[in-house]
Amino acid sequence: MGKLFSLIIVLALAYAGLYVYYGVAVKQEVEQQLEDRGLSAISVDDVTYGVTAPISTSANIAITVTYRGAQATVDMAVQGHPVFSDEVSVEFDSLQALRLGIGF
């Protein structure tokens, strides 16, 4: 019973590490694609994805981006695996929310 519990703990830690690293890899991929298109002024603030995203080759994600005073949440589709694959495609799906900030 102790070995099974230890195995479960090790697998859970490995999956947690993969889950966190997946978010970092997706954020870097989106930032790279924005920079390639000359949109380096847009910053990626947050990446939200489902629990099963790190173990599949296609996932739907939500990315929060900021440009000057405007912040938007954009739905995107990731084809390929950003951690294990060299062929990754990030496609725009839809605009989820747009927030404008006015500062004085």
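The protein exposes about 7100 Å² of surface, and carbon and sulfur atoms supply 60% of that area. Of its 104 residues, 31% count as buried. The charged side chains comprise 5 positive and 11 negative ones, and the centres of these two sets lie 8 Å apart.

The model described here is predicted. Its mean pLDDT is 87, and 97% of the residues reach 70 or more. Confidence varies between the elements: strand β1 (residues 43–49) has the highest mean pLDDT, at 92, whereas strand β4 (residues 89–100) has the lowest, at 80.

The protein contains one helix and four strands, and from the N terminus on these elements follow the order α-β-β-β-β. The radius of gyration is 17 Å, well over the 13 Å that the globule rule gives for 104 residues, so the protein is more spread out than a compact globule. Along the principal axes, the C-alpha trace spans about 60 × 35 × 20 Å. Among the contacts with a separation of 6 or more, 40% join residues that are 24 or more positions apart.

The helix, α1, covers residues 2–36 and includes L4. Between L4 and G23, which are 19 residues apart in sequence, the distance from C-alpha to C-alpha is 29 Å. The relative accessible area of L4 is 48%; because a residue counts as exposed only over 50% and as buried under 20%, L4 is classed as partly exposed.

Strand β3 spans residues 70–79 and includes M76. With a relative accessible area of 14%, M76 falls under the 20% limit and is therefore buried. Leaving out residues up to four places away in sequence, M76 touches V30, A59, N60, I61, I63, V90, E91, F92 and D93. One of these partners, F92, is 16 residues from M76 along the chain, yet the C-alpha atoms of the two are separated by 4.7 Å.

T73 is also found in strand β3. At 9%, its relative accessible area likewise lies under the 20% limit, and T73 is therefore buried. Beyond its neighbours up to four places away in sequence, T73 touches A62, I63, T64, S94, L95, Q96, A97 and R99. I63 thus appears among the contacts of M76 and among those of T73.

A further residue of strand β3 is A70. Apart from neighbours within four places in sequence, A70 is in contact with V65, R99 and L100. R99 is also touched by T73. The C-alpha atoms of A70 and G101 are 6.0 Å apart in space, although 31 residues separate the two in sequence.

The loop between β2 (58–67) and β3 holds R68. The relative accessibility of R68 is 73%, which is over the 50% limit, and R68 therefore counts as exposed. The backbone of R68 has a phi near 55°, a positive value in a residue other than glycine. Most residues other than glycine have a negative phi.

Definitions and conventions
Residues numbered from 1 in each chain as written. Heavy atoms only, no water. Helix = DSSP H or I, 4+ residues; strand = E, 2+ residues; numbered from the N terminus. Buried < 20%, exposed > 50% of the residue type's maximum accessible area, 1.4 Å probe, protein only. Contact = heavy atoms within 4.5 Å. pLDDT = per-residue confidence, 0-100. Rg over C-alpha atoms; globule rule 2.2 N^0.38 Å. Areas by Shrake-Rupley, 256 points an atom, 1.4 Å probe, with all protein chains shown as cover. Lys, Arg positive; Asp, Glu negative; His and termini not counted. Charge placed at Lys NZ, Arg CZ, Asp CG, Glu CD.
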